[in-house]
Structure formats: C-alpha cells, structure tokens
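Here are my notes on this model, set out as numbered points. Have the viewer open while you go through them.

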Amino acid sequence: MPNPQNIESPTLIIGSGRTSSSYVISHLQHTAGVSQELIENYVCRDLYRALAEAPWCEDWHYVSEDQAEVRARIRKTVHDALITLFPSDLPSWTMKMLWAGQDPGRTDWLFPDARYLHLVRDPRTCVPSIMERIGHSKRKACTEYRYANQNAFEFRRFGERYLMVRQEDFLTDRVNTWRRIHAHLGIEFDSSADWTTPINVAESQIGRTERGRRDSAMRWGSLPKPIRRLARDLGYDE
C-alpha cells in the first residue's frame, strides 16, 4: 500500500489507454500478490495543482517565506492523501498515469524512486479499441493515442527506471514478458501462476482476446501519417 516506507517508489503505468493496463495492474495485485492496485485517478495531479498552481497559492508566503518549506509541505500533503485514501497490506503500490498531460519533472519530484511501465500497442488495434470502449471518434482516438505515447516517451529520461512493454507480447510471449516486468520491478516471478486471465476486455472481444482483434484491425493506410511515424518509434513496422 502507499505508506511512509514505500510512498516514493510506486510502479506507474504510462502511455495510451487500451494497452492492457488493467490486465497488468490487476495481475500485479491478484496474481503476483505484491502490489496494491490504485484506481485510475488524477488525485496527484489535481491536488498538486490546487496547492502549487492555483491563483491563491501566491499567498503561501503568509504561511512561510521559505519556498523549500512550502514545497516540502505540498509534497507531504500529496503523499498523505494517497496513504489515507488507499490503505492495503501489500508491500508496494501501482497506479495508472495514462494519456497525455503527465509531467515527468513533477512526477519524479513526488515519487523519486518510481518505476515506469510504458505499455504500447499497435495503433491498428489500439485505435479501434479506444473507439469502441471509450467512444471516441477515429480522429480523437488517433489524437489521444499519439499524444499519450509522445508524453510517455518523455519518461525515458529516467533510464533504467523506464521500461516499454508491447501489449502483443502478452499473447505471443507471455511468460518472458512477465519475467521482464518482474525483473524491472525487482520482484520474484512465479512461472506457475496463472497470468492468462483477461481484464477489462472490450465487449466485441470477450472470449476472443487471443485473436488480437484480427477481425477489426485497421489498415496502415487508413491511419494518419503522424500515427504511422509514431508506430515506427514504438517498434511497429508497416
């Protein structure tokens, strides 16, 4: 759980939605049994903004003239909110930080020992999944996919604390993919555990996840050029 001993070292899942983030975060809790799942939320971002960026924050000097002290109080308040809201007996915690608008500098300041999992997915299947599950138009789904992954790339600055994982590898190389994730997080991997249970599947894909949305995948030519260029950076070739 978030507690004073581990609050600075969560696992944070970044990138676009519909990339198996619910599957990963659920299995880390229920299968691996090592990490409390926090609901997808903007508690950290919004609380930080309320305390550090709202118009009234210019009056912090009435509380303390020491800006380092003010920032320390803000940081502690964000930490205390998570510790209070999400209690658990598990030794660590994992939270989604999906989509664009995630600030690497702020996040690193709040959680200096965080590990990042950048989950990626072929846009030919991710975009239609966003459209179906979230209800976005094709144009908006492409935009959200693009900006989310570009934002996630900014976290590569943290070197070994950043790991990119392809959603498709959970289908084609599941055991080794989970081994990589566990090694990245510094936890022991149990190969005998059941890592197959699908989570948060789009309605049209229930019972068909092993097929990888082959029946509704988009063609490369139907995707905007910026998405196709980004896909190459993510490791997907036309």
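1. Let's start with a loop residue. W99 is buried, as its relative accessible area is 15%, and the cut-off for buried is under 20%. Keep in mind throughout that this is a predicted model. W99 belongs to the loop that links β3 and α4. Its backbone is worth a look too: phi is positive, about 70°, although W99 is not a glycine.

2. S20 also has a positive phi, near 80°, and again the residue is something other than glycine. You'll find S20 in the loop between β1 and α1. Is S20 buried or exposed? Neither, quite: its relative accessibility is 21%, so S20 counts as partly exposed. The partly exposed class starts where buried, meaning under 20%, stops.

3. Back to α4, the helix that follows the W99 loop. Helix α4 covers residues 104-110, and T107 sits in it. With a relative accessibility of 5%, T107 counts as buried. Which residues does T107 touch, once neighbours within four places in sequence are set aside? The contacts are L12, M97, Y116 and F155.

4. Now the sheet. It is open, has five strands and parallel pairing, and its order reads β2-β3-β1-β4-β5. At the edges are β2 (35-38) and β5 (162-166), each of which pairs on one side only. Ignoring direction, neighbouring strands are turned by 25° against each other on average. For the β2 end, look at strand β3 (residues 92-98): it runs parallel to β2, and four bridges join the two. If you want a spot to click on, S35 stands opposite S92 in β3.

5. Two helices to check against the sheet are α6 and α8. Helix α6 (residues 138-153) packs on it and touches β1 (11-15), β4 (115-120) and β5. The direction of α6 makes about 150° with that of β4. As for α8, it lies across β1, β4 and β5 and runs at about 165° to β5.

6. Helix α8 (residues 174-185) also meets helix α1 (residues 21-30): their axes come within 13 Å and cross at roughly 70°. That angle makes α1 roughly perpendicular to α8, because 65 to 115 degrees is the range for that label. The crossing is right-handed. On the α1 side the contact is made by Y23, V24, H27 and L28, and on the α8 side by R174, W178 and L185. Sorted by class, the residues of this contact are five nonpolar, one polar and one charged.

7. The other helix pair on my list is α6 with helix α9 (residues 225-233). Their axes are 10 Å apart, and the packing angle is about 35°. What is the handedness of the crossing of α6 and α9? It is left-handed. From α6, the residues involved are C142, Y145, R146, N149, Q150 and F153, and they meet P226, I227, L230 and D233 in α9. By class, this contact comes to six nonpolar, two polar and two charged residues.

8. One last pointer for your viewer session: α6 turns up twice in these notes. It packs on the sheet, where it touches β1, β4 and β5, and it also packs with α9 at an angle of about 35°. Likewise, α8 lies across β1, β4 and β5 and has a contact with α1 through R174, W178 and L185.

Technical notes
Residues are numbered from 1 along each chain as its sequence is written. This is a predicted model: local features need pLDDT of at least 70, side-chain atom pairs count only at pLDDT 80 or more; totals for chains, interfaces and linings use all residues. Side-chain values use heavy atoms; hydrogens and water are left out. Buried means under 20% relative accessible area, exposed over 50%, partly exposed in between (1.4 Å probe, protein chains only). Contact means heavy atoms within 4.5 Å. Axes are lines fitted to C-alpha atoms, for helices over the stretch in contact, and angles run from 0 to 180 degrees between N-to-C directions. Angles under 35 degrees count as roughly parallel, over 145 as roughly antiparallel, 65 to 115 as roughly perpendicular and the rest as oblique. A crossing is left-handed if the near helix is turned anticlockwise from the far one by less than a right angle, and right-handed if clockwise. Ala, Val, Leu, Ile, Met, Phe, Trp, Tyr, Cys and Pro count as nonpolar, Asp, Glu, Lys and Arg as charged, and the others, Gly among them, as polar. Two strands pair if DSSP finds at least two bridges between them.
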